[in-house]
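Hi,

Here is the structure I promised to pass on to you. Have a look at it first, and my notes come straight after.

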Amino acid sequence: MNSEEVYIAEAFKNKEIELTEEQVKQFYNYYSTLVEWNEKMNLTAITDFKDVVDKHFVDSCAPLFKDGPGIKENATLVDVGTGAGFPGLPLKIVRPDLKVTLIDSLNKRITFLNELIFNILKLTDINVYHLRAEEAGRNVNYREKFDYVVSRAVANLQTLSEYDIPFLKTGGIFISYKMISETDNELTAAKAFSILNSKLSLKFKYKIEGSNDLRILYYISKKGNISNKYPRAGGKPSSKPL
């Protein structure tokens with residue numbers, strides 16, 4: 001392995017995630033493709049190699065840290081507002097058993113992801129769709145189809161809950177990635193959880209290399225069916241949060 005590949009392996013090992021050589025190379029190719037395409041389109045403001053590894057790749061896999069909450073085997077997972085693939089794609093690389101769907105509203109990001117996933121990384125059991133969250137969440141092909149829904153750096157917790165929870169089966173888990181310094185008022189978001197027949201079931205705080213920020217995962221469990229009027233259309237989850 002070259003020095004950059006060694007850094008990738010060690011960064012994950014520090015969180016007690018052991019990567020195979022193939023997985024290390026996949027992350028290295030992910031980085032190389034990301035920075036190449038970033039020169040043509042705005043995919044990420046973070047381009048330094050170590051920062052991408054620590055703040056994107058490793059951070060995306062926080063549920064899989066040794067002391068993390070985990071993700072069950074062979075689960076179906078949808079990443080809503082995936083952007084450059086975070087966190088869904090790193091989770092898929094580390095856990096090939098996951099059946100992953102990536103959704104984003106910007107078509108040029110979908111073009112990047114299709115090239116990366118199918119032509120470079122050559123992954124299977126993963127789908128990429130150009131969709132708006134509120135449209136996909138009302139579509140019978142995606143609504144109530146997933147064990148997990150994840151979102152990272154997309155919107156506040158209230159708004160995200162309305163976008164994301166409709167994707168879940170009963171008993172499914174919405175994982176929201178946040179930084180403590182910018183985290184939402186949980187008491188305010190609790191109203192949205194109640195309306196969406198869900199509850200905050202777990203919080204996991206952690207740090208990553210290269211950052212002093214304390215980060216947190218919110219695990220929100222879906223208890224049962226929700227009204228078909230959610231998610232609301234026309235940007236209402238953002239302009240008029242529950």
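Below is what turned up, starting with the cores and moving on to the helices.

Please keep in mind that this is a predicted model.

Let's begin with the nonpolar cores. The largest one has 54 residues, and helix α2 (residues 21–38) gives the largest share of this core, with six residues. Among the residues with the most contacts inside the core are F12, F27, F57 and F112. If you want one residue to click on, try F27: leaving aside its neighbours within four places in sequence, F27 is in contact with I8, F12, L19, F57, P90, I93 and V94. There is also a second, separate core of 26 residues, which includes V78, V80, A136 and Y218.

Next, α2 and its partner. The axes of α2 and helix α5 (residues 107–120) come within 11 Å and cross at roughly 150°. Angles over 145 degrees count as roughly antiparallel, and therefore α2 and α5 are described that way relative to each other. Their crossing is right-handed. To see where the two helices meet, show N29, Y30, T33, L34 and W37 in α2 together with T111, F112, E115, L116 and I120 in α5.

Finally, do look at helix α7 (residues 157–164). Eight of its eight residues are buried, so α7 is largely enclosed by the rest of the structure. The buried residues include Q158, T159, E162 and D164 alongside L157 and L160. At the N-terminal end of α7, N156 acts as a cap, with a side-chain oxygen 3.1 Å from the backbone nitrogen of Q158.

Enjoy exploring!

Best wishes

Key. Residues are numbered from 1 along each chain as its sequence is written. This is a predicted model: local features need pLDDT of at least 70, side-chain atom pairs count only at pLDDT 80 or more; totals for chains, interfaces and linings use all residues. Side-chain values use heavy atoms; hydrogens and water are left out. A nonpolar core is a set of buried Ala, Val, Leu, Ile, Met, Phe, Trp, Tyr and Cys residues joined through side-chain atoms within 4.5 Å. Buried means under 20% relative accessible area, exposed over 50%, partly exposed in between (1.4 Å probe, protein chains only). Helices (H or I, at least four residues) and strands (E, at least two) are DSSP runs, numbered from the N terminus. Contact means heavy atoms within 4.5 Å. A polar contact is a pair of N or O atoms within 3.5 Å; within protein, one must be able to donate a hydrogen and the other to accept it, and residues adjacent in sequence count only if both atoms are side-chain atoms. Axes are lines fitted to C-alpha atoms, for helices over the stretch in contact, and angles run from 0 to 180 degrees between N-to-C directions. Angles under 35 degrees count as roughly parallel, over 145 as roughly antiparallel, 65 to 115 as roughly perpendicular and the rest as oblique. A crossing is left-handed if the near helix is turned anticlockwise from the far one by less than a right angle, and right-handed if clockwise.
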